[in-house]
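Reader: I am new to this structure and should like to understand the reasons behind the terms used for it. May I put some questions to you?

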Amino acid sequence: QVQLVESGGGLVQPGGSLRLSCVASGSIFSIRYMGWYRQAPGKQRELVARITSGGTTNYADSVKDRFTISRDNARNTVYLQMNSLKPEDTAAYYCTILTTSMQGGMLGPYWGQGTQVTVSS
């Protein structure tokens, strides 16, 4: 069993900032990557940002230079710092992780319940 608990969502004005956090717990041997996806009403879930165990990151073009993903390996925690937020960033944000077993097999991805981010004046 793997649990992901997100926090940090809320209502913010355009141009504002929010920081999302996600803590992973449970039967985790090693985390291959951690990431954030988002889903707006009527749209498909899309990748926002992802970070590997080695620190390699990739971002959706729409959030580059505004969002920063980071992780604390010791705490199995991933963060998403979101700056210069726009109304089009409004969505439910989901944390996800892919883990590896002791034998080297891939497990997951696992998903959190989501946290709502609303950007509106």
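Reader: Where is P109 placed?

Author: In this predicted model, P109 lies in strand β10, which covers residues 106–111.

Reader: What kind of peptide bond joins G108 and P109?

Author: The bond between G108 and P109 is cis, with omega at about 10°. As a general matter, most peptide bonds are trans.

Reader: What makes the phi of D65 worth a remark?

Author: D65 has a positive phi of about 75°, although the residue is not a glycine. Most residues other than glycine have a negative phi. D65 is found in the loop between β6 (57–59) and β7 (67–72).

Reader: Why is D65 called exposed?

Author: The term exposed requires a relative accessible area over 50%. D65 has 84% relative accessibility, and therefore counts as exposed.

Reader: Which phi does N76 have, and where is N76 placed?

Author: N76 is not a glycine, yet its phi is positive, at about 50°. Its place is in the loop between β7 and β8 (77–82).

Reader: Why is N76 called partly exposed?

Author: Partly exposed is the class between the limits of 20% and 50%. N76 has 24% relative accessibility, so N76 counts as partly exposed.

Reader: How do you know that E46 and R38 form a salt bridge?

Author: The term calls for a side-chain nitrogen of Lys or Arg within 4 Å of a carboxyl oxygen of Asp or Glu. For E46 and R38, the closest N and O atoms are 2.8 Å apart, and the pair therefore satisfies the cut-off of 4 Å.

Reader: Are these two partners, E46 and R38, buried or partly exposed?

Author: The cut-off for buried is under 20% relative accessible area. R38, at 6%, counts as buried, whereas E46, at 37%, counts as partly exposed.

Reader: What makes the contact of D61 and K64 a salt bridge?

Author: The side chains of D61 and K64 meet with an N to O distance of 3.2 Å, so the contact falls within the 4 Å that the term requires. D61 is exposed, with a relative accessible area of 65%, while K64, at 42%, is partly exposed.

Reader: How many salt bridges are found in the whole structure, and which residues are joined into one network?

Author: A search of the whole structure finds five salt bridges. R38, E46, R66 and D89 are joined into one network by salt bridges that share partners. Another of the salt bridges is that of R75 and D72, with 2.9 Å from N to O. R75 counts as exposed, because its relative accessibility is 58%.

Reader: What makes β1, β3, β8 and β7 an open sheet, and which strands stand at the edges?

Author: The four strands follow the order β1-β3-β8-β7, with antiparallel pairing. β1 and β7 stand at the edges, each with a single partner strand, so one side of each is left without a neighbour in the sheet. The twist from one strand to the next averages 15°.

Reader: How do you know that β1 pairs with β3, and β3 with β8?

Author: Two strands pair if at least two bridges are found between them. Strand β1 (residues 2–7) is joined to β3 (residues 18–26) by six bridges, and six bridges also link β3 to β8. Both pairs therefore meet the requirement of at least two bridges. In the pairing with β3, E6 stands opposite C22; in the pairing with β8, L18 stands opposite M82.

Reader: Which strands pair with β11, and in which sense, parallel or antiparallel?

Author: Strand β2 (residues 10–12) runs parallel to β11 and is joined to it by three bridges. Strand β9 (residues 91–100) pairs with β11 in the antiparallel sense, over three bridges. V119 of β11 is the bridge partner of V12, and T115 of β11 stands opposite Y93.

Reader: Which residues make up the covered face of strand β11, and which the uncovered one?

Author: In β11 (residues 115–119), the covered face consists of T115, V117 and V119, and the uncovered face of Q116 and T118. In a regular strand, side chains alternate between the two faces of the sheet.

Definitions and conventions. Residues numbered from 1 in each chain as written. Predicted model: local features only at pLDDT ≥ 70, side-chain atom pairs only at ≥ 80, totals over all residues. Heavy atoms only, no water. Buried < 20%, exposed > 50% of the residue type's maximum accessible area, 1.4 Å probe, protein only. Axes fitted to C-alpha atoms, helices over the stretch in contact; angles between N-to-C directions.
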